[in-house]
Amino acid sequence: MAARIGTFLAAVVLLLLVATPARAHGGASVTIHADGLGSVWITAQWQDGHPINEPTTVTLTASDGASASVAPSVLRQTGDERGTQTYGGTLTPGSWRVAIDLGAPVNGHCQAVIPVAAATASATPTEVACLIPATGSSTAAAPSRGGGGSLAPLWFTLAGLVAAAAATTLFVRRRQRP
């Protein structure tokens with residue numbers, strides 16, 4: 001009986017340590033969108049179709065290849081059903097190389113060439129999709145900015161399971177004595 005309880009506890013601990021939110025969803029699909037007039041945003045979904053609405057730091061950098069560039073800028077998460085994050089500024093007319101870097105739990109990179117038309121020209125919207133595979137490094141969940149992400153609940157749960165197993169083992173051994 002004690003061996004079964006020990007095996008069960010080992011399995012629970014292994015599952016808790018291995019299962020992370022990103023691994024549960026698989027890799028990610030990230031699409032860079034632009035309206036052709038300078039607005040840029042992304043949509044991000046796990047490969048199982050769920051939006052990436054977990055706290056994820058997404059940084060945009062851009063360069064027009066000449067003198068203009070956009071310093072790394074953190075995108076703002078909207079929390080919608082598409083996992084949208086938006087760039088707060090606008091790009092000036094020209095051809096821009098836009099790079100998106102996603103932090104944990106995604107840990108990926110996507111880039112696109114985005115044409116931006118002058119106000120008098122006709123704008124052409126752009127969408128560039130990137131697939132980000134699930135890897136060991138991309139599945140490690142990061143603590144959230146809101147004070148969450150603590151491992152304390154995990155440790156309290158594990159301590160409770162160990163205490164329950166010890167009490168059960170003690171009870172079973174006392175009952176087996178003649």
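The following exercises, with worked solutions, concern a predicted model of a single chain.

**Exercise 1. Overall composition**

Determine how many helices and strands the chain contains, and in which pattern they follow one another along the sequence.

*Solution.* Begin with the count: the chain has three helices and nine strands. Next, read the elements along the sequence, which gives the pattern α-α-β-β-β-β-β-β-β-β-β-α. Then turn to burial: 32% of the 178 residues are classed as buried. The accessible surface amounts to about 10,400 Å², and carbon and sulfur atoms contribute 61% of that area. Finally, consider contacts between residues at least 6 apart in sequence; 60% of these join residues at least 24 apart.

**Exercise 2. The five-stranded sheet**

State the order of the strands in the open sheet of five strands, and explain why one side of E5 and of E9 is left without a neighbour in the sheet.

*Solution.* First, list the strands in order: E5-E6-E2-E1-E9, with antiparallel pairing. Second, inspect the two ends of this order. Strand E5 (76-77) and strand E9 (126-132) are the edge strands, and each has a single partner strand, so one side of each lacks a neighbour in the sheet. Third, examine one pairing within the sheet: strand E1, residues 28-34, pairs with strand E2, residues 40-46, in the antiparallel sense over seven bridges. As a point of register, Val30 stands opposite Ala44 in E2.

**Exercise 3. The E3-E4 hairpin**

Describe how strands E3 and E4 pair, and identify the residue in the turn that has a positive phi.

*Solution.* Start with the pairing: E3 (residues 58-63) and E4 (residues 69-74) are joined in the antiparallel sense over four bridges. Across this pairing, Leu60 stands opposite Ser73 in E4. Now consider the connection. The two strands form a hairpin with five residues between them. Within the turn, Gly65 has a positive phi of about 80 degrees.

**Exercise 4. The surroundings of His33**

Decide whether His33 is buried or exposed, and establish which side chain makes a polar contact with the His33 side chain.

*Solution.* Locate the residue first: His33 belongs to strand E1. Its relative accessibility is 4%, and the cut-off for burial is under 20%, so His33 counts as buried. Next, search for polar partners: the side chain of His33 makes a polar contact of 2.8 Å with the side chain of Thr43. Lastly, collect the wider contacts, leaving aside residues up to four places away in sequence: His33 touches Ser39, Val40, Trp41, Ile42, Thr43, Arg82, Thr126 and Glu127.

Definitions and conventions
Residues are numbered from 1 along each chain as its sequence is written. This is a predicted model: local features need pLDDT of at least 70, side-chain atom pairs count only at pLDDT 80 or more; totals for chains, interfaces and linings use all residues. Side-chain values use heavy atoms; hydrogens and water are left out. Two strands pair if DSSP finds at least two bridges between them. Buried means under 20% relative accessible area, exposed over 50%, partly exposed in between (1.4 Å probe, protein chains only). Contact means heavy atoms within 4.5 Å. Accessible areas come from the Shrake-Rupley method with a 1.4 Å probe; for residues, only the protein chains shown count as cover. A polar contact is a pair of N or O atoms within 3.5 Å; within protein, one must be able to donate a hydrogen and the other to accept it, and residues adjacent in sequence count only if both atoms are side-chain atoms.
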